[in-house]
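Q: Take this model and go through its labels. For each one, ask what earns it.

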Amino acid sequence: MNAPHLLSVEKLRAFLHAPALDGGSSRFSARHIRHRYLYWKREGRLGHINSNDMTSLICLFGSLSVSSPTEHYTSLHGHRRLGDMPESSFDSHWDMVLGICSDKRWLRHPLSISDQYWLMRARLVRFQEHMEHNDTRKAEQYLVAAEKCYLAIRTSSLHPDLHLPYYTALRAASSRNTSDLATHLAAIVALPGYLHPSLRDLTYQTILEQDGVKSRTAQELLHAVVERTSKQQSGTSSLQGDSIPAGERGISIRPIPTSAAGLTMALERTIFANSWIGQKELRDWSTTLTGRIFAMGGDDVHLTDLRWNCLVLLALVRTRSSDWNGQSVEGAKDPVQRAAIMEWQTVCILASVENLLDPSISSAADALPEEVVEGFCGVLRKLWHDWTTIAASGGSSRPHYVTCLIYASFLRLAGYFKDKTLFDACRHHCTVVDLWLHSKSSSGSFSGRLALASEQLYAALLCGTFFERALVDLVLCTTNMDILRGAVDTAVVRYSRYDPDHAQELLAWATHRGITPSGKAIARVGVALALHGDSTYVDRYITDTRLSHDERAQVIVAYLRMFATHGHSFMRPGMVADVVSKAAELLGDASTPQPLLKWIWSTLLVLVRQGYVTLAMSLVTDLASKHPARISQAAYTELFRALLRHRHFKLARRLMVRCATIHPAMVDSWKASAFSHFLRGDAAWIARTPNGSIRRPLRIAVSALRRRPQVQKRKGLSTIRLPATYGSTSDHVAAQRALQLLVRAGRFHAAKKLYERICRQESPGGRTFCGNIILHGLACQASRTVRQRVRAVAHTYRILTAQYDFTPDRVTVNILFKTLLQSKDLDAEQARGLFNAALRMGYPGSEGDAAEGGEDAAIQPPDLLSVEGVEIPQLESPIMYLRHVRPLFRTFIKTFYLLDDVEAARRVIGILKRLEAGKAWRLAKGKDWVVSEERVG
């Protein structure tokens, strides 16, 4: 009777353990396996499943629980059969993991490492669930149970997937402190082998959280590092291959470092990776330095403090800020050990300070207060003194390029903080110790001298030295042309990030002195000028013979991208035509022509959109004649639709005829799109004369479009009887509606007659509101010229105030400002003056928001600001944001953009954003608020 049961067990065993499934193999879903297992358990037949089968089931259900249909868990203890499972199987199965582990113990089978791992993961999930429901007692029970599993497998592997889940839960537990985590970390740090970067970061974070070396956990961590280093020095450790992920097997193969941060990475790899390939000199230096600090004898308290300080400094390199204080290195008894500790501290402190550098600014004075800069300078000078006295006394055998990198880091920081004293001392010391006269020829030595020369030249420029003087000082140190060219390139590239104009000057000066910059540096300056909105020198960089084809293409792409973003305000269309022509010539020579072709086509579409259609079509013709195979049918279709969208029907038809021979498969769809646009536009006469080659389905579609009845224009609303709708009784809603309709129809005479009746019956507020309707209609009347609108608004305002006791309000002031901003004679400087006048009249803003140029003599003071002799009134009434501020400021923004004054427009936008900050709920509900007493700033 057990034959069917045994057969299903054998099929499941084959499914779980087979290396690969063939076409005839049985396949199971998680639901099927779950049901069969629970049935066997209920029938008491689990004895037929051996320990390996249950381990494989635990591994399968655990892997399914942490996987998704698109991302399978293939890391530590993952199951090979995930790719054969249906999509519905990827769900949470932690109850099965817990149940099978319990059954395995009941059957007296020992739990393997894989079983312990997935049992720990299941218990951690239950811990997280109880933490979310604030059940701390249950959560603590599951965490203690997970800890038992972790302790059983902690030393089995250094793979991060084994340790990080438990450490994450341990940090989330409110009942645990960092001492438990530090104890576990110390245990795995002491293990020989590769330590994953995620575990290193966690170790550094834990080190920084310690109160000091006197705490028990800090001593455990330090003892683990000392033990690990001692084993490496004695050669007893070996790299555990299973602890390195497949994608990071080559983590130790790195290029030669070029900064102090690279040196700290070498020290870190010496402690935590203990496997090197190549870079023998750097490996010997870091191994020797680490051994002198952590592996040499000596257990006095002061040495323990110094070792702990070295670990803390190494951890500080991974963070941008932290509080730290430590013991002086002068207390170390052994001079060799004292020099090694000083060298370690110097490298780590320099790397930590370099992490604070912002490459987008030239110096610290632009971003930090003066007292902070002075504090950094004091620290660096003290570090420089200790480095040149203590570290030199230990007889260190560091490689030449390591010494060069340390001095280069000092020079870089001296330039960044503009410390001329430190810069002069370091430059002089480099000459005294003969760093420039190193005769050994190696890649590391050349890289070190190149870094030293680059930092000396750049720091001299930052400290205020003229370029030619700084270059002469550098030539006195070295005459190697490759090093000089590399130093100039570095200075040019760094200046191009924030001051491309000065970078241009550096290029000219270097060329004049016979040092030709590389094409990469020249291209970077050209790109930087484009990104800063300067198109004046575009021809210089796209025709420079020192640039390679790819570098020239890089510059052209930068300028075309900026034109595609900003249009003719960035570059004149004539210059664009020259750039596109040069780009077309480069298409056949560039190694990657796709970006170049993409931005050429984007530029052509922008030209069409901005009205330069003839120029765009001539460029398309030229490009098609030179590179016909590179233009895809999708590009032609995009251009064709752009022409139709902007109503260039004749040019669209010519393009369609030209492309019919190139892409015949797209002709029908192009013709259908063209005729559809023709009939919807004013070019129906083109649609009435279709080409005889049009196929029958297309002719039927065109005929249907022709027969479609034209939508009759809606008749205008009759306003003849509108004044009669305002009866003898006061009805302000009817009055406002009637006035609006009369103004919209252009019947201002009738509107004024109706306003005369309104003034006899409505309140002063109603009269002001209705008068503003008339004034706004006159200011926006499209049938009149701008000059006529200004005169009409001024004349009507005089009549309203003189005859009808019209009381102006803030809306009236907005209308008068809007009338002034419509003038065609208005320039950007006068518009800024009007905006400054609005700010002085009480509209919200700050002194820093005032646009420059507003004090010009052509702009009258606020009390005399007038429209055709009508003074804009000064009011003391409250200013509302939605009713008064936002409409006027949006008018100013539109005017500034029309005048190409982008800076002023952005300044006004910034005021609006600051006023709306924290008022999202008011804006959503349309509730206004008073801003007359608010000052933005």
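A: Start with helix length: the expected span of a helix is 1.5 Å times one less than its number of residues. Helices (H or I, at least four residues) and strands (E, at least two) are DSSP runs, numbered from the N terminus. This is a predicted model, where local features need pLDDT of at least 70, side-chain atom pairs count only at pLDDT 80 or more, and totals for chains, interfaces and linings use all residues. Residues are numbered from 1 along each chain as its sequence is written, and side-chain values use heavy atoms, without hydrogens and water.

Q: How do you know that the span of helix 22 agrees with the expected value?
A: Helix 22 covers residues 519–531, 13 in number. At 1.5 Å a residue they should span 18 Å, and the end C-alpha atoms are 18 Å apart, so the two agree. After helix 22 comes Gly533, with a positive phi near 80°.

Q: Why is helix 22 called largely enclosed by the rest of the structure?
A: Buried means under 20% relative accessible area (exposed is over 50%, partly exposed in between; 1.4 Å probe, protein chains only). Of the 13 residues of helix 22, 10 are buried, so the label holds. Among them are Gly519, Ile522, Val525, Val527 and Leu529.

Q: What covers the buried residues of helix 22?
A: Contact means heavy atoms within 4.5 Å. The cover includes helix 20 (481–498), helix 21 (500–512), helix 23 (538–542) and helix 24 (549–566).

Q: What makes helix 37 largely enclosed?
A: 11 of its 12 residues are buried, so the rest of the structure largely encloses helix 37. Arg810, Asn814 and Phe817 are among the buried ones. They pack against elements including helix 35 (764–779), helix 36 (786–803) and strand 1 (866–867). Helix 37 (residues 810–821) reaches 17 Å from first C-alpha to last, close to the 16 Å expected.

Q: Why is Thr403 called buried?
A: Thr403 has a relative accessible area of 10%, so it is buried. Thr403 lies in helix 16. Not counting residues up to four places away in sequence, Thr403 touches Arg398 and Leu435.

Q: What makes a set of residues a nonpolar core?
A: The members are buried Ala, Val, Leu, Ile, Met, Phe, Trp, Tyr and Cys residues, joined through side-chain atoms within 4.5 Å. The largest such core has 221 residues, and those that touch the most other members include Tyr167, Trp344, Leu452 and Trp601. Helix 16 (residues 400–416) gives the most to this core, with 12 residues. A second, separate core has 64 residues, including Leu739 and Trp929.

Q: Which residues is Leu452 in contact with, leaving aside its neighbours within four places in sequence?
A: They include Cys404, Tyr407, Leu411 and Trp436.

Q: What makes an empty space a cavity?
A: On a 1 Å grid over the protein atoms alone, a cavity is a set of points where a 1.4 Å probe fits but cannot get out; lining residues have an atom within 4 Å of a point. Grid points are joined across faces, edges and corners, and a volume is the space filled by probe spheres set on the points. The count is two cavities of 30 Å³ or more. The largest cavity holds about 50 Å³, and the second largest about 30 Å³.

Q: Which helix supplies the largest share of the lining of the largest cavity?
A: Helix 1 does, with four residues. Val9, Trp40 and Asp53 are among the lining residues.

How values were computed:
On a 1 Å grid over the protein atoms alone, a cavity is a set of points where a 1.4 Å probe fits but cannot get out, and a pocket is an open set with protein on both sides within 12 Å along at least five of seven lines; lining residues have an atom within 4 Å of a point.
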